[in-house]
Amino acid sequence: MKISTSDVNIMPAMDKTIVSCSTEISNPMDEYEKPGFKLCYYVDRFIQTDSGFIPVIKSKLETKDLFSTFYVRCGINRYKYTVAPGLYGIGKPDKNSEVLVTANFKLTFDHLRKELDDINAWILVLDTKGINVWCAAGKGTFSTRELVNRIKNCTLEKIVDHKRVIVPQLGATGVSARDVKEQSGFRVVYGPIRAGDIPAFLKNNRKADKNMRQVTFTLYERFILTPVEIQTILKLALITALFLLVISGFGPDIFSFSKAWERGIVSVFALMAGIFSGAFVTPVLLPFIPPREFALKGIITGSIFAIPLITIISFAISSFAGLLALFLFSVTISSYLAMNFTGATPFTSPSGVEKEMKRYIPVQLTSLVISSGLWIYSAF
Amino acid sequence: MENLKYLDDVSTLVLNEEKCIGCSLCTEVCPQAVFEMKQNKAHIVDFNACMECGACVNNCPSEAISVNPGVG
């Protein structure tokens, strides 16, 4: 076989490529390139200090930051979303600039830099394994030891003339101001909870007012957490759905595929209603659902969703036992997932969660067993 | 957070006012405004808001506060 290319122009752009190759493109960042390293796009330039070259980052987020924020909020790749720990600068930092301490979760890093538009500061990023400040402080990676080591590692005393680092207030769970001072010579000043308050905090001579010191959990703050709630249970939900299809096939004929399909689909609807109610509606409407126990909140929302669903299903399934089974199942799923949300809020105490779990897990398990029994019974 | 309160009487927070040296760091680090300073001593003003994060314990220079935050 012979392929002729004589009269076909297979690379029409070739001429142009040659032309552009011969023109020199000057990129000011070129001189910082090192074999084996890749420059980060959020680095604007480098500055020379007594402690070597320090990258200065941009305060403006780019489209790709917003896209990756969206992915991370949906739970995609969220444990690999990190920046390299160490010292960065923002604006035109000098020897008198403040040092702001943060975590190496890229979402946290972005949140901080986008609030520092007109600010000249140093940013000391701790290695928290890609976890936000508060969670990392609770688990011990945003810690006194890590902070002291980073201060020593980047020889902070050569970068700034003062002896002060600003640690986000929520980092206090993992940091002891006194120990940091003892071990590094640097005094810890607790900054505001939210990065957005930093400019006001700095203007006010590093004093935070009461609002800056209290956590909030607004409708938006609750809503933004729900995609991850749903994403983390997705796999378990699929397994449950398969299991439902199987047990829906049991009946007088031992196992029937047509029944597994018909009854299975209906039970999967009950599952989906439970997930929607427990992992989305209950978190979003949290303060508007009266009881304090999350499991009980989930029962209330779950019932509100299950009643109309069961009414619709009653046209397809006439057995009372079957309808009761689906109702119990849907409400139990909602209750369990609502209780699960205690781990994502900024106001639930571990002792309270333990008390709630001791009370409600037996209730949820019993309800699950009863509903499975009723569901199989209703097929006969 | 006024309308978001969790269970009452469950927190393991204990403040020993005698040991308090009045540095007020606990009022600074607490994200739930559990403490207030009165006559140069810290006082618990909103016990049920405590979420046992341990920030106060970690930063109290005179070991006047204790809490058992568990693993949450």
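Two residues are in contact if their C-beta atoms, placed from the backbone, lie within 7 Å. The exercises below treat a predicted model, in which local features need pLDDT of at least 70, side-chain atom pairs count only at pLDDT 80 or more, and totals for chains, interfaces and linings use all residues. Residues are numbered from 1 along each chain as its sequence is written, while chains are lettered from A and ligands numbered from 1 in the order in which they are written.

**Exercise 1. Helix 3 and its surroundings**

Task: Determine which residues of helix 3 of chain A are buried, and which elements they pack against.

Solution: Begin with the terms: helices (H or I, at least four residues) and strands (E, at least two) are DSSP runs, numbered from the N terminus, and a residue is buried if 20 or more other C-beta atoms lie within 10 Å of its own, exposed if 12 or fewer, and partly exposed in between, with C-beta atoms placed from the backbone. In helix 3, which covers residues 106–113, the buried residues are A:T108, A:F109, A:D110, A:L112 and A:R113. These buried residues pack against strand 2 (52–57), helix 2 (63–73), strand 3 (86–90), strand 4 (98–103), strand 5 and helix 4 (133–139) of chain A. Turning to strand 3 of chain A, four of its five residues are buried. Strand 3 pairs with strand 2 of chain A in the parallel sense over two bridges, where pairing requires that DSSP finds at least two bridges between the strands. Within this pair, A:V56 has A:G89 of strand 3 as its bridge partner.

**Exercise 2. The nonpolar cores**

Task: Establish which members of the largest nonpolar core touch the most other members, and which element gives the most to this core.

Solution: A nonpolar core is a set of buried Ala, Val, Leu, Ile, Met, Phe, Trp, Tyr and Cys residues joined through C-beta atoms within 7 Å. The largest such core holds 69 residues, of which A:V99, A:V101, A:W122, A:I123, B:C26 and B:C56 touch the most other members. Strand 5 of chain A, residues 121–126, gives the most to this core, with six residues. For A:V99, leaving aside residues up to four places away in sequence, the residues touched are A:W122, A:L124, A:L156, A:V160, A:V165 and A:I166. A second, separate core has 28 residues, including A:A306, A:L309, A:F341 and A:L374.

**Exercise 3. Domains and overall form of chain A**

Task: Describe how chain A is divided into domains, and explain why chain A is described as more spread out than a compact globule.

Solution: Chain A is divided into domain 1 (29–215) and domain 2 (220–377), with bounds that come from an automatic or database domain assignment. The centres of the two domains, taken over C-alpha atoms, are separated by 41 Å. Four residues of domain 1 are in contact with six residues of domain 2. The secondary structure of chain A comes to 14 helices and nine strands. Its radius of gyration is 28 Å, well over the 21 Å that the globule rule gives for 380 residues, so chain A is more spread out than a compact globule; the radius is taken over C-alpha atoms, and the rule is 2.2 Å times the number of residues to the power 0.38. Along its principal axes the C-alpha trace of chain A spans about 80 × 80 × 30 Å, and 36% of its 380 residues count as buried.

**Exercise 4. The contact between the chains**

Task: Find how many residues of each chain are in contact with the other, and which element of chain A gives the most to the side that touches chain B.

Solution: On chain A, 30 residues are in contact with 28 residues of chain B. The elements giving two or more residues to this side of chain A are helix 7 (177–184) and helix 14 (350–377), and helix 14 gives the most, with seven residues. The residues of this side divide into 14 nonpolar, ten polar and six charged, where Ala, Val, Leu, Ile, Met, Phe, Trp, Tyr, Cys and Pro count as nonpolar, Asp, Glu, Lys and Arg as charged, and the others, Gly among them, as polar.

**Exercise 5. Positive phi in chain B**

Task: Locate B:A33 and B:N40 in chain B.

Solution: B:A33, in the loop between helix 1 (25–29) and strand 2 (35–38) of chain B, has a positive phi of about 50° although it is not a glycine. B:A33 is partly exposed, with 15 other C-beta atoms within 10 Å. B:N40, in the loop between strand 2 and strand 3 (41–44) of chain B, has a positive phi of about 65° although it is not a glycine, and B:N40 is exposed, with 10 other C-beta atoms within 10 Å.
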